[in-house]
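Open the structure in your viewer, switch to a cartoon view, and keep the sequence panel beside it. The tour below goes from one selection to the next and says what to look for at each stop.

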Amino acid sequence: MSEPLITRPVNTSPKIADGAKPQQRDLVKAALWMCCTLVSFALLAVAARQLLDSMMAFQILFLRSAIGLVIILAIGFVRFPDFYRTRRWRMHLLRNTFHYGGQACWITAIGILPLATVFALEFTTPIWAALLAAFFLGERLNSGRLISIGLGFIGVLVILRPGLVPIDMGVIIALSATIGFAVNLAATKGLTRSDQPITILFYMLTMQLLLGAPLALWTWAPVILEDLPWLIAVAITGLSAHYGITRAFQYADASLILPMDFLRLPLIALVGFLFYSEALETAVFLGALLMFAGNYHAIRKEAKASQA
């Protein structure tokens with residue numbers, strides 16, 4: 001559902017080139033698209049939590065995929081006639097299997113933990129992505145990535161405070177979601193080299209609809225009229241959040257986008273405080289800030305290395 005940024009995806013826009021200084025107008029456009037993304041992620045979390053009162057995560061994901069697929073098909077056939085063509089079936093299946101598991105864990109955690117805690121723990125995704133890439137893809141853990149992993153680990157300890165605060169099942173579920181998101185983002189990075197964003201979304205919705213159907217039917221609960229606006233919100237914001245990030249990257253690189261993405265945390269913390277009376281915990285912000293600093297350092301170091 002909601003995952004933080006790791007690296008800059010392939011730039012499909014001619015507006016800026018790698019290493020080029022974006023113009024002020026492009027930065028404004030990037031900021032506006034990121035505002036769309038931030039609002040979408042916040043609304044997505046609220047809608048998911050509201051739906052958890054009447055159905056389980058598997059049913060939410062099934063209905064979200066069904067509604068989203070209708071939207072994508074309508075857009076695809078009108079504007080992108082070949083949106084369904086791909087040669088990367090195995091990569092799509094790998095991505096969507098782990099993404100589905102990550103989303104199911106994320107929605108479940110939303111109903112157990114404070115919203116800010118779930119969003120803060122999502123910033124561990126780059127740690128898992130770097131470790132998975134090192135073990136399975138043979139990528140070297142340079143000093144920037146090692147610092148990112150170290151600060152990320154310290155940030156998790158600051159948030160969870162093991163020994164002082166009991167680590168409950170919600171935390172384990174939230175961290176499990178980040179592992180699924182890490183595999184998903186690594187696979188997405190590869191898919192963007194060959195497939196259009198709408199193609200990736202189409203196979204995401206189609207495959208996850210089929211993957212989740214048995215679990216959704218097993219846990220099915222009657223859909224009441226009051227659920228429909230929240231279901232539509234989940235479907236639309238799930239698409240608009242990822243589309244907003246994609247568009248933002250067309251106008252600015254990761255070193256500029258990542259700080260804006262970090263604003264998701266104070267925004268969702270404010271939402272949790274105002275609508276669910278959740279406490280604003282200093283430890284959550286401090287831990288997330290440490291993880292953000294590590295991620296930002298790694299991205300800046302790799303950007304400089306690529307320009308050398």
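## Starting in a loop

Select Ser 277, which you will find in the loop that joins α11 (264-276) to α12 (282-307). The model you are looking at is a predicted one, and the values in this tour are computed from it. Ser 277 counts as exposed, because its relative accessibility is 67%, and the cut-off for exposed is over 50%. Its backbone is worth a look as well, since phi of Ser 277 is near 55°, which is a positive value in a residue other than glycine. Now add Pro 114 to the selection and draw a line between the two C-alpha atoms: Ser 277 and Pro 114 are 163 residues apart in sequence, yet 9.6 Å apart in space.

## The whole chain

Clear the selection and colour the chain by secondary structure. How many helices and strands does the protein chain have? There are 12 helices and zero strands in the protein chain, and reading along the sequence therefore gives an α at every place in the pattern, α-α-α-α-α-α-α-α-α-α-α-α. Of the 308 residues in the protein chain, 49% are buried. If you consider the contacts with a separation of 6 or more, 90% of them are between residues 24 or more positions apart.

## Helix α3 and its surroundings

Select residues 89-110, which form helix α3. This helix has 22 residues and reaches 31 Å from its first C-alpha to its last, close to the 32 Å expected at 1.5 Å a residue. Show the side chains next, and look for the buried residues of α3, among them His 92, Arg 95, Asn 96, His 99, Tyr 100, Gln 103, Trp 106, Ile 107 and Ile 110. In an α-helix there are 3.6 residues a turn, so residues three or four places apart point the same way. Which helices do the buried residues of α3 pack against? They pack against α1 (24-51), α2 (57-79), α4 (115-121), α7 (169-191) and α8 (197-218). By contrast with the buried residues, Cys 105 is partly exposed, with a relative accessible area of 22%.

## Where α1 meets α3

Keep α3 on screen and add α1. Two packed helices are described by the angle between their axes and the distance between the axes. For α1 and α3 the angle is about 75°, and the axes are 9 Å apart; these two helices are therefore roughly perpendicular to each other. To see the contact itself, show Leu 44, Ala 45, Ala 48 and Arg 49 on α1, together with Trp 106, Ile 107 and Ile 110 on α3. The residues of this contact divide into six nonpolar, no polar and one charged.

## A search for disulfides

A search of the whole structure finds zero disulfides. Select Cys 35 as an example: it is in no disulfide, and the nearest cysteine sulfur, which belongs to Cys 36, is 8.9 Å away. Cys 35 counts as partly exposed, at 43% relative accessibility.

## Two buried stops and one more loop

Select Ala 133, which has its place in helix α5 (residues 125-136). Is Ala 133 buried or exposed? It counts as buried, because its relative accessibility is 9%. Not counting residues up to four places away in sequence, Ala 133 touches Gly 138 and Glu 139. The C-alpha atoms of Ala 133 and Ala 182 are separated by 9.6 Å, although these residues are 49 residues apart along the chain.

Move on to Val 156 in helix α6 (residues 143-160), which counts as buried at 13% relative accessibility. Leaving aside its neighbours within four places in sequence, Val 156 is in contact with Thr 124, Arg 161 and Met 291. Add Ala 288 as well, whose C-alpha is 7.8 Å from that of Val 156, while the two are 132 residues apart in sequence.

Finish at Ser 194, which lies in the loop between α7 and α8 and counts as partly exposed at 44% relative accessibility. From here, draw a line to Arg 87: Ser 194 and Arg 87 are 107 residues apart in sequence and 8.6 Å apart in space, C-alpha to C-alpha.

Key. Residues are numbered from 1 along each chain as its sequence is written. This is a predicted model: local features need pLDDT of at least 70, side-chain atom pairs count only at pLDDT 80 or more; totals for chains, interfaces and linings use all residues. Side-chain values use heavy atoms; hydrogens and water are left out. A disulfide is a pair of cysteine sulfur atoms within 2.5 Å. Buried means under 20% relative accessible area, exposed over 50%, partly exposed in between (1.4 Å probe, protein chains only). Helices (H or I, at least four residues) and strands (E, at least two) are DSSP runs, numbered from the N terminus. The expected span of a helix is 1.5 Å times one less than its number of residues. Contact means heavy atoms within 4.5 Å. Axes are lines fitted to C-alpha atoms, for helices over the stretch in contact, and angles run from 0 to 180 degrees between N-to-C directions. Angles under 35 degrees count as roughly parallel, over 145 as roughly antiparallel, 65 to 115 as roughly perpendicular and the rest as oblique. Ala, Val, Leu, Ile, Met, Phe, Trp, Tyr, Cys and Pro count as nonpolar, Asp, Glu, Lys and Arg as charged, and the others, Gly among them, as polar.
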